[in-house]
Amino acid sequence: MALEEARKYLEDKGYGDRIQVFDTSSATVELAALAVGTEPEKIAKSLTFKVDEQPVMIVCAGDTKINNTKYKAFFHKKAKMLTREEVNELIGHDVGGVCPFGIHDGVDVYLDTSLKRFGKIYPACGSANSAVELTPDELEALSGCREWIDVCKLPGE
């Protein structure tokens, strides 16, 4: 169902032809990179948190991790990830297919600046075997994001 919601959302915006559905799992960054045929860092992973009982999604590069100091400085709260059950209930997609397309109302979406390093990135499309090819600017336009933020750390930082 979530794949269909995301597909409809992207088709309505004119990006339906960019959706890829795979015969294999793309539920992790590594599996998604193999399925797409790209480097893991170009997979746009969606991390979900709760800030003051509000669901928040941060879409970031596949090779990054949340920097707790930066996160707390921006959100003024300690990072608290949603549980698997909360992800489905509050976001509308299951873990492995979380993306900012076709999600429930009331989810604040942020894009991490780590994505700006690439010309093409590949977020999931609502299922654990899908992706969509976008530029960072297209992701910004399609995601309904509040803003670009810097809350992740790159490898080696």
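Me: In this predicted model, is Tyr 110 buried or exposed?
Reply: The model is predicted. Tyr 110 has a relative accessibility of 7%. The cut-off for burial is under 20%, so Tyr 110 counts as buried.

Me: How many aromatic pairs are there, and what is the geometry of Phe 74 and Phe 75?
Reply: The count of aromatic pairs comes to 6. The ring centres of Phe 74 and Phe 75 are 4.8 Å apart, with the planes at 85°. Planes over 60 degrees apart meet the angle rule, so this pair is edge-to-face.

Me: Is Phe 75 buried or exposed?
Reply: Its partner Phe 74 is partly exposed, at 30% relative accessible area. Phe 75 comes in at 9%. Under 20% is the cut-off, so Phe 75 is buried.

Me: How many residues apart in sequence are the parts that Phe 75 and Tyr 110 tie together?
Reply: Phe 75 and Tyr 110 form an edge-to-face pair, 5.3 Å centre to centre and 85° between the planes. Phe 75 belongs to helix H3 (residues 68–75) and Tyr 110 to strand S5, so the pair ties together parts whose separation in sequence is 35 residues.

Me: Which residues form one aromatic cluster?
Reply: Phe 75 pairs with Tyr 110. Phe 74 pairs with Phe 75. The full cluster is Phe 49, Tyr 71, Phe 74, Phe 75 and Tyr 110.

Me: Which residue of S5 is the bridge partner of Val 59?
Reply: Strand S3 (residues 54–61) is mostly covered, with 7 of its 8 residues buried. S3 pairs with S5 (residues 108–112) in the parallel sense, over 4 bridges. Within that pairing, Val 59 is matched with Leu 111.

Me: Which residue in the turn between S2 and S3 has a positive phi?
Reply: S2 (residues 43–51) and S3 run antiparallel and are joined by 8 bridges. Ala 44 has Ala 61 as its bridge partner in S3. The two strands form a hairpin with 2 residues between them, and the positive phi of about 50° belongs to Asp 52.

Me: How wide is the arc that the buried residues of H2 cover around the axis?
Reply: Helix H2 (residues 29–36) buries Val 29, Ala 32, Ala 33 and Val 36. These four are on the same side of H2, because their arc is only 100°.

Me: Which residues are exposed on the other side of H2?
Reply: The buried residues pack against strands S1 (19–21), S2, S6 (122–123) and S7 (130–132). Opposite them, the exposed residues are Glu 30 and Leu 34.

Me: How many residues apart are Asp 63 and Arg 117?
Reply: Their side chains meet in a salt bridge, 2.7 Å from N to O. Asp 63 is in the loop between S3 and strand S4 (65–66), and Arg 117 in the loop between S5 and S6. This pair links distant parts of the chain, and the separation is 54 residues.

Me: Are Asp 63 and Arg 117 buried, partly exposed or exposed?
Reply: Asp 63 has a relative accessibility of 22%. Arg 117 has 40%. The range between 20% and 50% defines the class, so both count as partly exposed.

Me: Which residues do salt bridges with shared partners join into one network?
Reply: The whole structure holds 11 salt bridges. One of them joins Glu 53 to Lys 50, at 3.8 Å from N to O. With shared partners, the network comprises Lys 50, Glu 53 and Glu 86.

Methods: Residues are numbered from 1 along each chain as its sequence is written. This is a predicted model: local features need pLDDT of at least 70, side-chain atom pairs count only at pLDDT 80 or more; totals for chains, interfaces and linings use all residues. Side-chain values use heavy atoms; hydrogens and water are left out. Buried means under 20% relative accessible area, exposed over 50%, partly exposed in between (1.4 Å probe, protein chains only). Two strands pair if DSSP finds at least two bridges between them. Rings of Phe, Tyr and Trp (its six-membered ring) pair if their centres lie within 6.5 Å; planes under 30 degrees apart count as stacked, over 60 as edge-to-face and the rest as tilted. The arc is that of the directions from the helix axis to the C-beta atoms. Contact means heavy atoms within 4.5 Å. A salt bridge is a side-chain nitrogen of Lys or Arg within 4 Å of a carboxyl oxygen of Asp or Glu.
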